[in-house]
Amino acid sequence: MPRSGGCALAVLLAACGGTATTESQLADLVITNARVYTVDDANPWAQAVAIKDGKIVAVGTNGEMAAYGGSGTRTVDVGGRLVLPAFGDAHAHPLFGGLSRSRCPLHEGKSIEDYQATIAKCVADTPGDGAIYGIGWSDALFPPSGIPRKEVLDKVSTTRPLIFESTGGHTYWLNSKALEVAKITRDTKNPPNGTIDRDPATGEPVGSLQEAAMDLVKSMIPAPTATEIENSILYVADHFNSLGIVGWNDAGVEFDDDGGSPMIDAYKAVKDAGKLTSYVTVSLKWKNERGMDQLPSLLKAAERANALGIPTHTVKFYVDGVIPQKTAYMLAPYENSGRERGTPQIAPDTLKQAATAVDARGMHAFFHAIGDGGVRISLDAVEAARKANGAKDTYHMVTHLNVVDPADQPRFGNLNTFAQFQPTWASWYDYMDLTVAAIGPKRSEYIYPAGSIVRAGGKLAYGADWPVGGANPLEGIEVAMTRRTAGQPDAKPLLPDEGVSLEDAIRSHTINVAYVNGLQKLTGSIVKGKNADLVILDNDIFKLPVHEISKAKVTLTLFKGEPVSGDWASVGSAGSK
């Protein structure tokens with residue numbers, strides 16, 4: 001029936017609830033009686049949102065949105081609940097994450113004994129004599145260096161090769177049989193950008209391989225099938241949607257010289273099946289073992305992916321490794337290690353050339369940099385690109401940033417480069433203990449300096465590096481503010497002055513992610529003309545004590561105006577009016 005008896009359906013006049021609205025402009029959906037935080041500086045707060053054909057057609061007060069309601073409009077009164085833009089994630093690894101849960105996962109293990117029990121079951125459940133592969137062991141369970149030994153795995157099996165990847169993906173842990181099959185001995189030389197960890201007394205391999213040395217055994221691990229890749233994408237889409245995330249960047253996709261990529265093909269298949277309920281952008285992985293000769297095939301891969309409808313405008317550079325194993329590149333030597341400071345995995349001059357070439361083509365450079373030296377040469381590469389190409393709408397990003405020298409903290413703002421943190425990592429106390437032991441007390445004052453970068457004019461974009469870290473944005477927001485374990489107000493904070501405001505934390509999970517993912521015109525804020533990507537929470541995080549923000553839950557997630565997690569019954573009264 002008509003919204004009110006005195007209003008014609010053809011034209012609803014201002015007297016009937018606001019500005020004149022034609023029948024063709026009437027909304028499919030009006031969310032009303034809400035607290036809408038828009039992440040739009042021009043209009044940060046509203047009460048209601050009107051949506052048509054999956055797009056936001058108006059944002060304003062309850063009275064203003066009444067003009068967009070007609071007989072075919074669903075009006076949902078959400079009872080004062082908080083509505084935010086749907087979250088994004090600037091850094092995820094769907095295939096790694098999917099496989100980490102389908103191939104002998106170790107994530108739930110809390111001790112070495114837990115790992116041994118899980119692996120023993122995987123061996124028993126897998127007939128044959130092939131390698132057993134899994135993901136998810138924590139460096140923190142192997143102090144002080146984060147390096148595990150083969151003897152622990154030999155207690156499980158000496159007849160089957162056992163190969164287990166760390167949660168962070170920078171180290172393989174092997175048993176003696178895997179070393180034997182791979183023919184890795186005391187005489188095997190370290191490959192470029194890789195280390196075979198050895199016993200200092202005997203020179204024998206201890207059972208762990210760092211960085212590029214992992215390639216020595218990769219042929220023993222069965223490649224994922226097309227079905228496994230597609231199932232990984234579906235798993236991530238469902239998991240992320242439940243957390244309010246409707247967009248992610250796949251941070252490091254492989255491609256071949258002809259521009260082909262099984263991962264991109266899998267995204268295409270899932271999208272064509274109508275099951276890709278998120279925006280996905282792809283970062284192509286720069287091959288550190290090669291130089292600028294790979295650029296033509298990289299550009300071909302990007303062109304092919306974009307033609308298939310999978311946005312690909314970012315290149316991922318793995319600049320260094322990790323701190324506990326001393327593969328991160330530092331400006332000065334590690335504590336008590338002589339001259340050891342790690343080495344860049346890409347020569348700084350090559351990095352500058354590559355970043356400049358990427359920037360010239362309107363693509364974004366995405367740098368994995370953990371040590372302060374890795375951060376500096378990444379920023380140097382951006383600076384070279386800016387000087388060579390002038391100001392461009394390219395949103396480069398440096399991720400992890402475990403240590404950032406104070407001299408480099410203002411450069412993010414100066415170079416219009418996003419600092420991409422994993423906010424929950426500030427609460428990984430065991431890992432922080434390994435980090436502090438490796439770099440000493442002075443440099444430990446510059447761990448994850450998010451607040452300092454913001455105060456110096458920089459912008460943050462958040463990404464969990466899932467499955468390395470949990471992807472829940474509400475947990476990330478709390479830890480970004482408190483620098484403590486979520487829900488534990490009495491826990492010791494990590495450099496509490498490096499916390500950020502609630503508004504900055506929300507922005508870093510929404511519009512800033514949209515920028516680095518190249519989607520800022522489509523999503524990331526609640527603005528007329530953008531897609532209706534929204535989340536409705538069960539609690540208002542602007543009113544909760546800060547240490548309870550992580551307890552809030554996403555009740556409903558909308559992607560282009562349609563629920564992809566939750567339902568309307570869970571958020572309020574709904575009907576046609």
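Colleague: Which residue forms a salt bridge with Asp-380?

Modeller: In this predicted model, Arg-411 does, and the closest N and O atoms of the pair are 2.8 Å apart. Arg-411 belongs to helix H11 (residues 411-414) and Asp-380 to helix H10, so the salt bridge ties together parts that are 31 residues apart in sequence.

Colleague: Is Arg-411 buried or exposed? And what about Asp-380?

Modeller: Arg-411 has a relative accessibility of 13%, so Arg-411 counts as buried. Asp-380 is at 24%, which makes Asp-380 partly exposed.

Colleague: Which residues are in the network with those two?

Modeller: The salt-bridge network links Arg-376, Asp-380, Glu-383, Lys-387, Asp-405, Asp-408 and Arg-411.

Colleague: How many salt bridges are there by this rule?

Modeller: The count comes to 22. One of them joins Glu-228 to Arg-103, at 3.0 Å from N to O. That pair links distant parts of the chain, 125 residues apart: Glu-228 sits in helix H6 (residues 226-242), and Arg-103 in the loop between helix H2 (94-102) and helix H3 (112-125).

Colleague: Buried or exposed, those two?

Modeller: Glu-228 is partly exposed at 23% relative accessibility, while Arg-103 is buried at 14%.

Colleague: What does Arg-455 pair with?

Modeller: Arg-455 forms a salt bridge with Glu-498, with 4.0 Å between the closest N and O atoms. Arg-455 is in helix H13 and Glu-498 in the loop between H14 and helix H15 (502-509), so parts 43 residues apart in sequence are tied together. Arg-455 is exposed, with a relative accessible area of 56%, whereas Glu-498 is buried at 9%.

Colleague: Switching to the sheet. What is the strand order?

Modeller: The order is E10-E16-E17-E18-E19-E20-E21-E22, eight strands in an open sheet with parallel pairing. Strand E10 (87-92) and E22 are the edge strands, each pairing on one side only. From one strand to the next, the twist averages 25°.

Colleague: How many bridges join E16 to E17?

Modeller: Six, between strand E16 (residues 245-253) and strand E17 (residues 279-285), which run parallel. Among the bridge partners, Ala-251 is matched with Ser-283 in E17.

Colleague: Which helix lies across E16 and E17?

Modeller: Helix H7 (residues 262-272), which runs at about 160° to E16. Further along the sheet, helix H10 (residues 372-389) lies across strand E19 (364-369) and strand E20 (397-400), at about 165° to E19. Asp-380 of the salt bridge with Arg-411 is in that helix H10.

Colleague: Now the backbone. Where are the cis peptide bonds you would point to?

Modeller: One runs from Pro-143 to Pro-144, with omega near 0°. Pro-144 is in the loop between strand E11 (132-137) and helix H4 (150-154). Another runs from Trp-466 to Pro-467, with omega near 10°. Pro-467 is in the loop between strand E22 (460-462) and helix H14 (473-482).

Colleague: Why mention those?

Modeller: Because most peptide bonds are trans, and most residues other than glycine have a negative phi.

Colleague: Which residues have a positive phi, then?

Modeller: Asn-193 is one, at about 65°, and Tyr-448 is another, near 45°. Asn-193 lies in the loop between helix H5 (176-181) and strand E14 (194-198). Tyr-448 is in the loop between helix H12 (429-443) and helix H13 (450-455).

Colleague: Buried or exposed?

Modeller: Asn-193 is partly exposed at 26% relative accessibility, and Tyr-448 is buried at 3%.

Terms used:
Residues numbered from 1 in each chain as written. Predicted model: local features only at pLDDT ≥ 70, side-chain atom pairs only at ≥ 80, totals over all residues. Heavy atoms only, no water. Helix = DSSP H or I, 4+ residues; strand = E, 2+ residues; numbered from the N terminus. Buried < 20%, exposed > 50% of the residue type's maximum accessible area, 1.4 Å probe, protein only. Pairing = 2+ DSSP bridges. Axes fitted to C-alpha atoms, helices over the stretch in contact; angles between N-to-C directions. Contact = heavy atoms within 4.5 Å. Salt bridge = Lys/Arg side-chain N within 4 Å of Asp/Glu carboxyl O.
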